[in-house]
Amino acid sequence: MFDIGWRTARIDAHETYMDTAYWEQLQYTGDTRLQMLISYAVSGDARLAAQAIDAFASSNVDGGLMGGAYPQRSPNVIAPFALLWVGMLDDWRMQQPDPAPITRHLGRMREVIDWFKPWQQPSGLLRRNPQWNFIDWVGQPANDRTQFPSYGKTNESCLMSVLWLGALQQGERIEEAFGDKALATADHAKAEVLKRAIRTRCWVPARGLYADNPDGDLFSQHMNALAVLYDVATPQEALEILDRIVEPGKGIDAPEGMATTSYYFAWYLVQAFVHAGAADRYLSLLDTWRELLKLNYTTWPEERGDTRSDTHAWSAHPTADLLGIVAGVGPGAAGYKSVRVAPALGYLKKVNATAATPAGPVSVRYQVKGDHLVAEVTRPAALPGTFEWRGKSYPLSRIRTRLTLPVR
């Protein structure tokens, strides 16, 4: 899986990232955010990522939005993808030490976030805006733009609202670190109002889930994963919600009657599990990719079934997450000023991995021996760090640190 994802990522990149080398060959925001994370984790080369941030920022349409794919000749505006660009900035904030790609686009970030404000109803939720609000391939046929997201009788969308909530939270963190602290406070206030509106209008107690619209009649993994990821759901609710939106033994598949994420949007589902403290369940979600291995794919396809593209990098995020979740190597502080190693081994007994960081590679070796984990971490001398296991933290006091810890 790791090799197939890395092969897909390399094929779908040249002077820009591409959705696919075969089909459109365009740099789409939703795809690119995940491709950037693969670059950070595997190669450590952030140049294409900085290019992408700048390219999307230079595309300004409809008073603050950006092209859903850019550069390209013809307009292709995807309103939710502009919010994912804010997510790119927040990812860079954590992953990279150079703040310049963020600071030169603070004004652009504010334009994107503010573009959605006029569409907010007195209830707090967002109503339908005139642009293409693509979030994921959902519905039959999957490219029917009228089905997903759903707006219901009031013409309001819980799902669009929770996407905006995520961008407000990311904008708050970015403003706090690099921008205007007063604007950070304002973003926080807007986010809290929005969060309360979603809890009030979108929670369906009988299902124990968040609905896609205030009618409470349509449900998706997308809505509920984002409600967990952006803390609309309480920590107590989060694990119960995640249990309800994934069919046991079927990878990322949702139970009947609920919209399932594509290979692409499953990244947000995965992050919801990690956020809720259930990272050890990640390996079971990969069963969906194991099924693709049986079909002899050598690069990952765009979507299920009769896919138009068999080399689609938005499906390759397991390559980054095998390093970031299973091996557990990631930033311990913004700007990757330290490393946090927190493996989620699940049922695995042995893992060896090397992940890129801006300071150089971090290598880990894990082996479960009886009721103990033997962990060896090798880090760059200039990169301090900690090892986290079963709720306890241990300093990585040497360049090579060896720990023997209870499995439970």
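This is a selection-by-selection tour of a predicted model.

**Stop 1: the disulfide**

Start by selecting Cys 158 and Cys 202, which are joined by a disulfide with an S to S distance of 2.1 Å. A search of the whole structure finds 1 disulfide, and this pair is where to look for it. Colour the helices next: Cys 158 belongs to helix α7 (residues 158-178), while Cys 202 belongs to helix α8 (residues 181-202). The two cysteines are 44 residues apart, and the pair links distant parts of the chain.

Which hand does the disulfide have? Display the torsion about the S-S bond of Cys 158 and Cys 202; its value is about -90°, so the disulfide is left-handed. Now switch on a surface. Cys 158 has 0% relative accessibility and counts as buried. Cys 202, at 1%, also counts as buried, because the cut-off for that class is under 20% relative accessible area.

**Stop 2: along helix α8**

Stay on helix α8 and select Lys 195 and Glu 192, which lie 3 residues apart, about one turn of the helix. The two form a salt bridge, with 3.4 Å between the closest N and O atoms. Are these two residues buried or exposed? Lys 195 is buried, with a relative accessible area of 16%, whereas Glu 192 is partly exposed at 26% relative accessibility.

**Stop 3: other salt bridges**

Side chains of opposite charge can pair when their charged atoms come close. How many salt bridges does a search of the whole structure find? The search finds 22 salt bridges, and a few of them are worth selecting in turn.

- Select Arg 47 and Asp 45: their salt bridge has its closest N and O atoms 2.7 Å apart. Arg 47 counts as exposed at 67% relative accessibility, and Asp 45 is partly exposed, with a relative accessible area of 29%.
- Select Lys 294 and Glu 291: here the closest N and O atoms are 2.9 Å apart, again in a salt bridge. Lys 294 is exposed at 59% relative accessibility, and Glu 291 is partly exposed at 43% relative accessible area.
- Select Glu 24, Glu 302 and Arg 308 together: a network of salt bridges links these residues.

**Stop 4: the α6 and α7 pair**

Return to helix α7 and add helix α6 (residues 106-115) to the selection. The axes of α6 and α7 come within 11 Å and cross at roughly 155°. How do the two helices run relative to each other, parallel or antiparallel? Angles over 145 degrees count as roughly antiparallel, and α6 and α7 are therefore roughly antiparallel to each other. The crossing of these two helices is left-handed.

To see the contact, show side chains on both helices. From α6, pick Leu 106, Met 109, Arg 110 and Ile 113. These meet a set of residues in α7: Trp 164, Ala 167, Leu 168, Gly 171, Ile 174, Glu 175 and Phe 178.

**Stop 5: Tyr 268**

Finish by selecting Tyr 268, in helix α11 (residues 266-275). The relative accessible area of Tyr 268 is 1%, so this residue is buried. What does Tyr 268 touch, leaving aside residues up to four places away in sequence? Its contacts are Arg 33, Leu 84, Ala 225, Leu 226, Leu 229 and Tyr 230.

For one last distance, pick the C-alpha atoms of Tyr 268 and Gln 221: 9.5 Å separates them, although the residues are 47 apart along the chain.

Key
Residues are numbered from 1 along each chain as its sequence is written. This is a predicted model: local features need pLDDT of at least 70, side-chain atom pairs count only at pLDDT 80 or more; totals for chains, interfaces and linings use all residues. Side-chain values use heavy atoms; hydrogens and water are left out. A disulfide is a pair of cysteine sulfur atoms within 2.5 Å. Helices (H or I, at least four residues) and strands (E, at least two) are DSSP runs, numbered from the N terminus. Buried means under 20% relative accessible area, exposed over 50%, partly exposed in between (1.4 Å probe, protein chains only). A salt bridge is a side-chain nitrogen of Lys or Arg within 4 Å of a carboxyl oxygen of Asp or Glu. Axes are lines fitted to C-alpha atoms, for helices over the stretch in contact, and angles run from 0 to 180 degrees between N-to-C directions. Angles under 35 degrees count as roughly parallel, over 145 as roughly antiparallel, 65 to 115 as roughly perpendicular and the rest as oblique. A crossing is left-handed if the near helix is turned anticlockwise from the far one by less than a right angle, and right-handed if clockwise. Contact means heavy atoms within 4.5 Å.
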